[in-house]
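Biologist: I should like a close look at a single part of this model, one helix of your choosing together with its surroundings. Please set out the overall frame beforehand, and then add a few sites elsewhere in the chain for contrast.

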Amino acid sequence: MAELPRVYLKTGREGPAFGRHPWLFSGAVDRIEGKPANGAEVTVISGTGAFVAHGLYNANSQIRVRLYSWDQEVRLTHDFWHNRIACAIHLRSSLGLMGQETGCRLVFSEGDMLSGLVVDRYRDILAVQFTSLGLFLQQDLIVDSLVTLLQPAVVYLRTEKGMRELEGIEAQDQLIRGNMPEGPVTIVENNISFLVDLHTGHKTGYYLDQRDNRKAAAAYAVGRRCLDICCYSGGFSLNLAKAGAVEVTAIDSSENALALAGQNASLNNLRNITWVRSDAFKMLDKMASDHESFGLVVLDPPRFAQSSRGVDQALKGYTQLNSQALKICAENAIFVSCSCSGRVSDQELIRVISNAAARENRNVQILEVRGQPPDHPVLASCPESAYLKCIICRVI
Ligand code: SAH
């Protein structure tokens, strides 16, 4: 095979790359030999001249090289990508997540050593999302592999906001294979049916990542008056209602999300859920001044920290919402506090809860420290891939 362009690292900056972290930031690059095009394969070499990894180059991105192979003999060929995708699908099959009516994440970017590729499966529809230019340029090959391995009815490209600026990806949502059915698709999760809107929904249409946490929260719901803050299409609400909550109040600021949530409740014949369209900060203030109290509160806010620089601001936002939520927790209430920011660790979220509890003069016991389900695997060498935290507490 032809020699690849070489990216030399600054001495002392090789640690993460040797440690198999898949992101090589521009600040670690000393010099480049050859003229790699954006998206092209390069070899990364340490300051002392040792082979580090093979990756895909992008001068438009702060992540200058995404690393995929740490074996000098293993280059990023067609077979390499096909095998990685097959390896990801094998995990989901072995987890029993490939049933006809289910949804699951088939490929989880860094978690599956495919940094920049997400594939979600809703029944026989695949939603593909690219967050790296290098893999975006391999789109045809990736889609061919998915079709060969799974024979899906539909492959749909969902684009994520900001990718033009971050990666130089020029793409629009579009159908790649098959015919999209009219209207939303129905998937079954924890024996509850959910409508997924692949066109306008958040993420690729649904928050698959909270599947197991919804079930865990539901285990505490019997006989409790519940509140679901930032409910989106009702994932937690429906699980709580079905598990025997006395009633559920659910808040979200998005009209579209609540419309879908209402349809989901009807679809499952669950009638004791009240949907409230409001800003969470404002509604929680109002509930506190109305002396409302709940026996179970779920707080699942959007990702506040987009980058490492935004972490302080995000922690302030989380602390504010956690305090407001604790204010309306009844004595002995269950509080389920989530964060979906890869930049906020579970220890930091626990500190947020603890600070909020001190502020509200409450005691909090931690019952469960939870994360993301196994179809969103965490790559040991990439702590940022552990993005979802879900702490289940008791509030006294
Ligand atoms: N709990 C949901 C996922 C929540 S995602 C589930 O299990 O599926 C975060 C949600 O927060 C989104 O639906 C978004 O519309 C909502 N949101 C964002 N900012 C908000 C705000 N200030 N007030 C209320 N909801 C907000």
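Modeller: For a chain of 396 residues, a compact globule would have a radius of gyration near 21 Å, and the 22 Å of this protein agrees with that expectation. The coordinates are those of a predicted model. Along the principal axes, the C-alpha atoms occupy a box of roughly 70 × 50 × 35 Å. The fold is built from 11 helices and 20 strands, and 54% of the 396 residues count as buried. Among contacts with a sequence separation of 6 or more, 63% join residues that are 24 or more positions apart. The exposed surface amounts to about 17,200 Å², of which carbon and sulfur atoms supply 48%. As for charge, there are 40 positive and 42 negative side chains, and the centres of these two sets lie 3 Å apart.

The part I have chosen is helix α6, which spans residues 211-218 and is mostly covered, with six of its eight residues buried. The buried positions are Arg211, Asn213, Arg214, Ala216, Ala217 and Ala218. In general, an α-helix has 3.6 residues a turn, so residues three or four places apart point the same way. The buried set of α6 includes both Arg211 and Arg214, as well as three alanines, Ala216, Ala217 and Ala218.

Which residues surround Arg211, once its neighbours within four places in sequence are left aside? Arg211 is part of helix α6. Its relative accessible area is 8%, and because the limit for burial is under 20%, Arg211 is classed as buried. Beyond its sequence neighbours, Arg211 is in contact with Leu97, Gly103 and Cys104, with Glu189 and Asn190, and with Pro373 and Asp375. A further long-range relation concerns Gln372, whose C-alpha atom is separated from that of Arg211 by 8.6 Å although the two positions lie 161 residues apart along the chain.

Two of these partners lead towards the strand β12 and the loop that follows. Glu189 and Asn190 both touch Arg211, and β12 covers residues 185-189, with a loop between it and β13 (192-196). Within β12 lies Ile187, which is buried, with a relative accessibility of 1%. Beyond four places in sequence, the contacts of Ile187 include Glu101, Thr102 and Gly103, and also Tyr122 and Arg123. Ile192, Ser193, Phe194 and Val196 are further partners of Ile187, as are Tyr206 and Leu208. Gly103 thus appears in the contact lists of Arg211 and of Ile187. By contrast, Phe136 is 51 residues from Ile187 in sequence and 27 Å from it in space, C-alpha to C-alpha.

The loop between β12 and β13 also holds Asn191. This residue has a positive phi of about 65° although it is not a glycine. Asn191 is exposed, with a relative accessible area of 65%. What backbone feature marks His291, a residue other than glycine? His291 likewise has a positive phi, near 55°, and it is found in the loop between α9 (280-289) and β17 (294-299). At 72% relative accessibility, His291 is also counted as exposed.

A second buried site, away from the helix, is Ala333 in strand β18, which runs over residues 329-339. Its relative accessibility is 0%, so Ala333 counts as buried. Outside its sequence neighbourhood, Ala333 is in contact with Arg224, Phe294, Gly295, Cys393, Arg394 and Val395. Phe294 and Gly295 fall within the range of β17 (294-299). Ile396 is 63 residues from Ala333 in sequence, yet the two C-alpha atoms are 7.2 Å apart.

The last site of contrast lies in the region that UniProt annotates. An unreviewed UniProt entry assigns the annotation "domain: PUA" to residues 5-90. Over that range, the chain is 20% helix and 36% strand, with its end C-alpha atoms 33 Å apart. Ala40 is found in the loop between β3 (29-33) and β4 (41-45), and it is partly exposed, with a relative accessible area of 23%. Apart from neighbours within four places, Ala40 is in contact with Gly55, Leu56 and Tyr57. Val336 is 296 residues from Ala40 in sequence and 44 Å away, C-alpha to C-alpha.

To return to the part in question, α6 has six of its eight residues buried, and the contacts of Arg211 beyond its neighbours in sequence include Leu97, Glu189 and Asp375.

Notes
Residues numbered from 1 in each chain as written. Predicted model: local features only at pLDDT ≥ 70, side-chain atom pairs only at ≥ 80, totals over all residues. Heavy atoms only, no water. Helix = DSSP H or I, 4+ residues; strand = E, 2+ residues; numbered from the N terminus. Rg over C-alpha atoms; globule rule 2.2 N^0.38 Å. Buried < 20%, exposed > 50% of the residue type's maximum accessible area, 1.4 Å probe, protein only. Contact = heavy atoms within 4.5 Å. Areas by Shrake-Rupley, 256 points an atom, 1.4 Å probe, with all protein chains shown as cover. Lys, Arg positive; Asp, Glu negative; His and termini not counted. Charge placed at Lys NZ, Arg CZ, Asp CG, Glu CD. UniProt positions renumbered as here; feature names shortened; annotations may be inferred.
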